[in-house]
Amino acid sequence: MATNQEKNLMRSLLLLQDEKEVAFFCRDLMTPAEISELSLRLEVANQLNQGKTQRAVAKNTGASIATVTRVNQWLKRGKGGYKLVLER
């Protein structure tokens, strides 16, 4: 169950109206390294969702096999957030 702080974060994301606003908010909220890591995870999920093997995804993205495996587990048995975004 989400904490009040987590709910506030989710509500804050819903207030953003376009890519520029999201970029500004993300940059204020996270370090460049954190943004890069989250972007990498999304690309890993995208390639896995396209049916590429975990090893191929690791090679293509430069992500560790541990990261690829973890994202693959979330993609298959998570809450469906990755799939929702990738489908849209």
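Me: Let's start with one residue: where does Met10 lie?

Reply: Met10 sits in helix 1. Helices here are DSSP runs of H or I with at least four residues, strands are runs of E with at least two, and both are numbered from the N terminus. Before going on, keep in mind that this is a predicted model, where local features need pLDDT of at least 70, side-chain atom pairs count only at pLDDT 80 or more, and totals for chains, interfaces and linings use all residues. Residues are numbered from 1 along each chain as its sequence is written, and side-chain values use heavy atoms, with hydrogens and water left out.

Me: Fine. How many helices and strands does the protein chain have?

Reply: There are 6 helices and 0 strands. Read from the N terminus on, the order is α-α-α-α-α-α. The C-alpha trace spans about 35 × 30 × 25 Å along its principal axes.

Me: Back to Met10. Why does Met10 count as partly exposed?

Reply: The general idea is a pair of cut-offs: buried means under 20% relative accessible area, exposed means over 50%, and partly exposed is in between (1.4 Å probe, protein chains only). Met10 has 46% relative accessibility, so it counts as partly exposed. For the whole protein chain, 16% of the 88 residues count as buried.

Me: Which residues make the nonpolar surface patch?

Reply: First, how a patch is built: its residues have over 30% relative accessible area and no salt bridge, with like charges joined within 9 Å and nonpolar side chains (Val, Leu, Ile, Met, Phe, Trp, Tyr) within 5 Å. The areas come from the Shrake-Rupley method with a 1.4 Å probe, and for residues only the protein chains shown count as cover. In this structure, Leu9, Met10, Leu13 and Leu29 make a nonpolar patch of about 340 Å². Helix 1 (residues 4–15) gives the most to that patch, with 3 residues. As for the whole protein chain, about 6,900 Å² is exposed, and carbon and sulfur atoms supply 53% of it.

Me: Now helix 3. Why does its end-to-end distance agree with what a helix should span?

Reply: The rule is 1.5 Å times one less than the number of residues. Helix 3 (residues 32–49) has 18 residues and should span 26 Å; its end C-alpha atoms are 26 Å apart, which agrees.

Me: And which residues of helix 3 are buried?

Reply: Val44, Ala45, Gln47 and Leu48. Looking down the axis of helix 3, these buried residues fall within an arc of 165°, so they line one face of the helix. The arc is taken from the directions running from the helix axis to the C-beta atoms. Their cover includes helix 4 (54–61), helix 5 (65–77) and helix 6 (81–87). After helix 3 comes Gly51, with a positive phi near 95°.

Me: Gln47 caught my eye in that list. What does Gln47 touch, not counting residues up to four places away in sequence?

Reply: A contact means heavy atoms within 4.5 Å. With residues up to four places away in sequence not counted, Gln47 touches Lys52, Val57, Asn60 and Thr61. Gln47 counts as buried, at 7% relative accessibility. Over the protein chain, residues 24 or more positions apart account for 35% of the contacts with a separation of 6 or more.

Me: How many salt bridges does a search of the whole structure find?

Reply: Side chains of opposite charge can pair when their charged atoms come close. The cut-off is a side-chain nitrogen of Lys or Arg within 4 Å of a carboxyl oxygen of Asp or Glu. The search finds 1 salt bridge. Arg41 forms it with Glu37, and the closest N and O atoms are 3.3 Å apart. Both residues lie in helix 3, 4 residues apart, about one turn of the helix. Arg41 is partly exposed at 24% relative accessible area, and Glu37 is partly exposed at 28%.

Me: Which residue of helix 5 touches Glu37 and Arg41?

Reply: Thr67 is placed in helix 5. Leaving out residues up to four places away in sequence, Thr67 touches Glu37 and Arg41. Thr67 is buried, with a relative accessible area of 10%.
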